[in-house]
Amino acid sequence: MNGPALQERPSASASWRIALPHTAAAVPVARALVRTALSEVEHTADSDTAELLTAELVANAVEHTAGDAPIELVVELLPTGCRVEVHDPDPEPPTSLTKPAEEEPDPWQEHGRGLLLIRALSSACGHRPTESGKAVWFRLPVVPPQWRPAG
């Protein structure tokens, strides 16, 4: 039993919610919010992975949804890790998030790997309908202390 490690984890949930502009400027803002949220809790999910996956979700929402309605970022810290959701106004689900694409992405193309990264690096991912469109989400587990860089 690893009692002290359990006591180091956050005992309660904390969450952040922010509306982002429907522009490419939303990506660095979203990364910064995730980095800040994860730094609030000493022992949590891997910040670099969370930032990367968040950037992919926000970039997809900006690129693949029409209009200029804001995109909403929700970051939730849990005792077991973190959950990040990106809400956008398009009700159409991302087709290749929860099932592999028919073909591997072309290694020479700039696009086509975001959802692959989310599937590969998260502990779970998915999408759900919302009143105003959809939410696409991923979860990351708490990183065990022995796997964290000394710092």
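# A guided tour of the predicted model

Six salt bridges are counted in this structure, which is a predicted model. The tour visits several of these pairs, together with the helices and the core.

**Colour by confidence.** Begin with the whole protein chain, whose average pLDDT is 82, with 75% of the residues scoring at least 70. Then select residues 1-10, where the pLDDT is below 50; beyond near neighbours in sequence, this stretch makes eight contacts in the model. Where pLDDT is low, the predicted coordinates should not be read in detail.

**Select residues 26-39.** This is helix H2, with 14 residues. From the first C-alpha to the last, H2 reaches 20 Å, close to the 20 Å expected at 1.5 Å a residue. Which residues of H2 are buried? They are Ala26, Val27, Ala30, Leu33, Val34, Ala37 and Leu38. Turn the view to look down the axis of H2: the buried residues fall within an arc of 130°, so they line one face of the helix. To see what they pack against, add strand E1 (14-20), helix H3 (47-64), strand E2 (71-78) and strand E3 (81-88).

**Select Arg35 and Glu51.** Remaining with H2, show these two side chains, which meet in a salt bridge with an N to O distance of 3.2 Å. The pair links distant parts of the chain, as Arg35 belongs to helix H2 and Glu51 to helix H3, 16 residues apart. Arg35 counts as partly exposed, at 40% relative accessibility, whereas Glu51 counts as buried, at 6%. Add Arg31 to the selection: Arg31, Arg35 and Glu51 are linked in a network of salt bridges.

**Select the core.** The largest nonpolar core has 31 residues. Which of them have the most contacts inside it? Show Val58, Leu73, Val75, Val86, Ile118, Phe138 and Leu140. The elements giving two or more residues to this core are H2, H3, E2, E3, helix H4 (114-121) and strand E5 (133-141). Next, centre the view on Val86. Leaving aside residues up to four places away in sequence, Val86 touches Leu57, Val58, Ala61, Ile71, Glu72, Leu73, Lys134, Ala135 and Val136.

**Select residues 114-121.** This range is helix H4. Its buried residues are Gly114, Leu115 and Ile118. Viewed down the axis of H4, they fall within an arc of 95°, so they line one face of the helix. Among the elements that cover the buried residues of H4 are H3, strand E4 (124-130) and E5.

**Select Glu85 and Arg128.** Their side chains meet in a salt bridge, at 3.0 Å from N to O. Glu85 lies in strand E3 and Arg128 in strand E4, so this pair ties together parts that are 43 residues apart in sequence. Is Glu85 buried or exposed? With 7% relative accessibility, Glu85 counts as buried. Arg128 is partly exposed, its relative accessible area being 33%.

**Select Asp88 and Lys134.** The last stop is a salt bridge in which the closest N and O atoms are 2.9 Å apart. Asp88 lies in strand E3 and Lys134 in strand E5, so the pair ties together parts that are 46 residues apart in sequence. Asp88 counts as buried, at 6% relative accessibility. Lys134 is buried as well, with a relative accessible area of 7%. Lys134 has already appeared on this tour, being one of the residues that Val86 touches.

Notes: Residues numbered from 1 in each chain as written. Predicted model: local features only at pLDDT ≥ 70, side-chain atom pairs only at ≥ 80, totals over all residues. Heavy atoms only, no water. Helix = DSSP H or I, 4+ residues; strand = E, 2+ residues; numbered from the N terminus. Expected span 1.5 Å × (residues − 1). Buried < 20%, exposed > 50% of the residue type's maximum accessible area, 1.4 Å probe, protein only. Arc of directions from axis to C-beta. Contact = heavy atoms within 4.5 Å. Core = buried A, V, L, I, M, F, W, Y, C linked by side-chain atoms within 4.5 Å. pLDDT = per-residue confidence, 0-100. Salt bridge = Lys/Arg side-chain N within 4 Å of Asp/Glu carboxyl O.
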